[in-house]
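Biologist: Hey, got a few minutes to walk me through this one? I'd like to understand how the pieces fit together.

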Amino acid sequence: MKMSRLVAVLGVAAAGATLVAPPAASAATASAPGALMGIAATRGGLQGEKTTVSWTAQADVTQYRISVLEGTKKTDYVVPATGAAGTRMFSTIPTVDKCSSFDISVAAENAQGAGKAQRYWIGSLMPSIVVKAKATRGADGTSATFTYSRPQWPGYVGTPKTGPARPDPYHWPVSVGIKPTLTKMVGNQVVTATPTYGGTAISTSLTYTNLDPKRAYVLKLSTSNTWGTCARSDGKILLKAGR
């Protein structure tokens with residue numbers, strides 16, 4: 001009986017009648033949203049204390065989830081899906097730590113699950129740590145040359161009066177400063193000698209003279225810009241004791 005009734009229904013459909021799919025069939029076609037497109041983020045506020053995130057709205061979405069990952073700390077913000085598909089959506093979230101860099105991701109969600117999130121990186125207001133650092137003693141052990149490359153991230157341009165702006169990735173901001181402090185490891189004695197600077201705009205070297213050949217030293221390099229400096233971005237180069 002069931003087979004004959006199915007054949008009868010198919011026969012009616014072939015004859016030109018409209019065949020309406022049952023509700024269960026339409027529910028089976030529902031799925032989670034696709035990958036989110038067009039995410040962007042801009043750090044704002046006079047102190048860089050907030051970030052505005054934007055993305056392209058999708059159809060069949062109930063909400064968007066903004067996730068902020070700062071080190072091991074993750075914070076989620078849920079935004080209702082109020083914009084029509086294809087329009088831009090905006091949300092402003094707090095980002096109060098000037099020294100922190102963090103990842104922002106946004107994913108579309110509905111009753112069937114979440115779509116693939118897109119990520120956007122936000123750097124700290126201040127420069128990051130120096131890289132490729134090393135120390136080499138002179139032949140007699142009384143001099144040493146420290147070499148390093150400038151930070152990969154120069155920090156934001158602007159000032160606390162005008163607000164932050166992302167740096168031009170093709171031009172190194174001239175406002176980035178690097179302050180050296182040389183310390184003898186015995187008794188943590190800070191060496192007051194002024195180093196001789198050398199190198200280029202990309203890599204830099206410092207040379208100290210009149211050092212104790214039998215003692216180890218540590219050179220701290222603090223990076224800064226118009227927003228100040230961060231202790232977590234201080235680079236340290238060890239000069240081992242000579243023989």
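Modeller: Sure, let's talk through one strand and its partners, then a disulfide, then a single serine. Keep in mind that this is a predicted model.

Biologist: Okay, strand β6 to start. How many of its residues are buried?

Modeller: 8 of the 9 residues in β6, which covers residues 102-110, are buried, so the strand is largely enclosed by the rest of the structure.

Biologist: Which way does strand β3 run relative to β6?

Modeller: Antiparallel: β3 (residues 63-70) and β6 are joined by 7 bridges. To find the pairing on screen, look for Arg65, which sits opposite Ala107 of β6.

Biologist: And how many bridges does β6 have with strand β8?

Modeller: There are 5 bridges between β6 and β8 (residues 118-122), and that pairing is antiparallel too. One spot to click on is Phe102, whose bridge partner in β8 is Ile122.

Biologist: What about β7, how does the chain get there from β6?

Modeller: Through a hairpin, with 2 residues joining β6 to β7. The strands β6 and β7 (residues 113-114) pair antiparallel over 2 bridges. Asn110, for instance, has Gly113 in β7 as its bridge partner.

Biologist: New topic. How many disulfides does the count come to?

Modeller: The count comes to 1 disulfide. The link runs between Cys99 and Cys230, with 2.0 Å from S to S.

Biologist: Remind me, what's a disulfide again?

Modeller: A covalent bond between the sulfur atoms of two cysteines.

Biologist: Right. So where do Cys99 and Cys230 sit in the chain?

Modeller: They're 131 residues apart, so to speak in distant parts of the chain that the pair links up. Cys99 is in the loop between β5 (88-94) and β6, while Cys230 is in the loop between β18 (228-229) and β19 (235-239).

Biologist: Is that link left-handed or right-handed?

Modeller: Left-handed, with -95° about the S-S bond.

Biologist: And Cys230, buried or exposed?

Modeller: Buried: Cys230 has a relative accessible area of 2%, and the cut-off for buried is under 20%.

Biologist: Last one, Ser67. Which strand is it in?

Modeller: Ser67 lies in β3. At 10% relative accessibility, Ser67 counts as buried.

Biologist: Which side chain does Ser67 make a polar contact with?

Modeller: That of Asp76, at 2.7 Å.

Biologist: What else does Ser67 touch, leaving aside its neighbours within four places in sequence?

Modeller: Besides Asp76, Ser67 is in contact with Lys74, Thr75, Asp103, Ile104 and Ser105.

Terms used:
Residues are numbered from 1 along each chain as its sequence is written. This is a predicted model: local features need pLDDT of at least 70, side-chain atom pairs count only at pLDDT 80 or more; totals for chains, interfaces and linings use all residues. Side-chain values use heavy atoms; hydrogens and water are left out. Buried means under 20% relative accessible area, exposed over 50%, partly exposed in between (1.4 Å probe, protein chains only). Helices (H or I, at least four residues) and strands (E, at least two) are DSSP runs, numbered from the N terminus. Two strands pair if DSSP finds at least two bridges between them. A disulfide is a pair of cysteine sulfur atoms within 2.5 Å. A polar contact is a pair of N or O atoms within 3.5 Å; within protein, one must be able to donate a hydrogen and the other to accept it, and residues adjacent in sequence count only if both atoms are side-chain atoms. Contact means heavy atoms within 4.5 Å.
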